[in-house]
Amino acid sequence: GEEFTDSIESIRPQLSTIKDYIFAGRNLPKDMTAYEDMISRASSEPPEIQFNDEDGCALYFTSGTTGVPKPILLTTKILNALP
């Protein structure tokens, strides 16, 4: 969104692994893709992807007992086992 444009532009040279930038809002910055354009080109068909039990599928953050946030990657196997 527009509220992040200046921040992104200031660090963009350091983000060498980012291939595509998607922008939501008006005043589309140079070299970015409009979110609405991307959505309009997307297929409504589900992707043909096979998952196995060890594939990561959700990233959660917890502070646990230390109070310091840490990421937890849940796998397909774990999520399928939840009630």
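I would like to begin with one contact, in which the side chain of Arg12 makes a polar contact with the side chain of Glu9, at 3.2 Å. Before I go on, please keep in mind that what we are looking at is a predicted model, and that the values I quote are computed from it.

That pair of residues also appears under another heading, since Glu9 forms a salt bridge with Arg12, with the closest N and O atoms 3.2 Å apart. The count of salt bridges in this model comes to 1. Is Glu9 buried, exposed or partly exposed? With a relative accessible area of 35%, Glu9 is partly exposed, because that class covers the range between the 20% limit for buried residues and the 50% limit for exposed ones.

Let me stay with Arg12 a little longer. Arg12 sits in the loop between helix 1, which covers residues 5-11, and strand 1, which covers residues 22-23. If we set aside residues up to four places away in sequence, Arg12 touches Tyr21, Lys30, Asp31 and Met32. With Tyr21 there is something further to notice, because by the rule for charges over rings, which asks for CZ of Arg within 6 Å of the ring centre, Arg12 lies over the face of Tyr21, at 4.1 Å from the ring centre.

Tyr21 itself lies in the loop between helix 1 and strand 1, and with a relative accessible area of 11% Tyr21 is buried. Which residues does Tyr21 touch, once those up to four places away in sequence are not counted? They are Ile8, Arg12, Leu15, Met32 and Thr33. As for pairs between aromatic rings, the count comes to 0.

Now we move along the chain to the loop between strand 1 and strand 2, where strand 2 is residues 33-34 and where Asn27 is located. Asp31 is found in the loop between strand 1 and strand 2 as well. To see what is worth a look here, it helps to recall that most residues other than glycine have a negative phi. Asn27, however, has a phi near 55°, a positive value in a residue other than glycine, and Asp31, although not a glycine, has a positive phi of about 65°. Are these two residues buried or exposed? Asn27 is exposed, with a relative accessible area of 63%, and Asp31 counts as exposed too, at 59% relative accessibility.

Next, let us turn to strand 3 and strand 4. Leu59 lies in strand 3, which covers residues 56-62, and, not counting residues up to four places away in sequence, Leu59 touches Pro71, Ile72 and Leu73. Ala58 is also in strand 3, and at 12% relative accessibility Ala58 counts as buried. On the same basis of leaving out residues up to four places away, Ala58 touches Ile72, Leu73, Leu74 and Leu79. Ala58 and Thr76 are 18 residues apart in sequence, and their C-alpha atoms are 8.3 Å apart in space.

Thr75 is found in strand 4, which covers residues 70-75, and at 13% relative accessibility Thr75 counts as buried. A polar atom of the Thr75 side chain lies 3.5 Å from the backbone oxygen of Asp53. Leaving aside neighbours within four places in sequence, Thr75 is in contact with Asp53, Glu54, Asp55, Gly56 and Cys57.

How far apart in space are Tyr21 and Gly56, which are 35 residues apart in sequence? From C-alpha to C-alpha, they are separated by 23 Å. For Leu59 and Asn27, 32 residues apart along the chain, the C-alpha separation is 32 Å.

Finally, I would like to step back to the whole chain. The secondary structure comes to 3 helices and 4 strands, and from the N terminus on the elements run α-β-β-α-β-β-α. A compact globule of 83 residues would have a radius of gyration near 12 Å, whereas this chain has 18 Å. The C-alpha trace spans about 45 × 40 × 25 Å along its principal axes. Buried residues make up 13% of the 83 residues, and Tyr21, which we met earlier, is one of the buried residues. Among contacts between residues at least 6 apart in sequence, 10% join residues at least 24 apart.

Terms used. Residues are numbered from 1 along each chain as its sequence is written. This is a predicted model: local features need pLDDT of at least 70, side-chain atom pairs count only at pLDDT 80 or more; totals for chains, interfaces and linings use all residues. Side-chain values use heavy atoms; hydrogens and water are left out. Helices (H or I, at least four residues) and strands (E, at least two) are DSSP runs, numbered from the N terminus. A polar contact is a pair of N or O atoms within 3.5 Å; within protein, one must be able to donate a hydrogen and the other to accept it, and residues adjacent in sequence count only if both atoms are side-chain atoms. Contact means heavy atoms within 4.5 Å. Buried means under 20% relative accessible area, exposed over 50%, partly exposed in between (1.4 Å probe, protein chains only). Rings of Phe, Tyr and Trp (its six-membered ring) pair if their centres lie within 6.5 Å; planes under 30 degrees apart count as stacked, over 60 as edge-to-face and the rest as tilted. A charge sits over a ring if NZ of Lys or CZ of Arg is within 6 Å of the ring centre and within 35 degrees of the ring normal. A salt bridge is a side-chain nitrogen of Lys or Arg within 4 Å of a carboxyl oxygen of Asp or Glu. The radius of gyration is taken over C-alpha atoms; the globule rule is 2.2 Å times the number of residues to the power 0.38.
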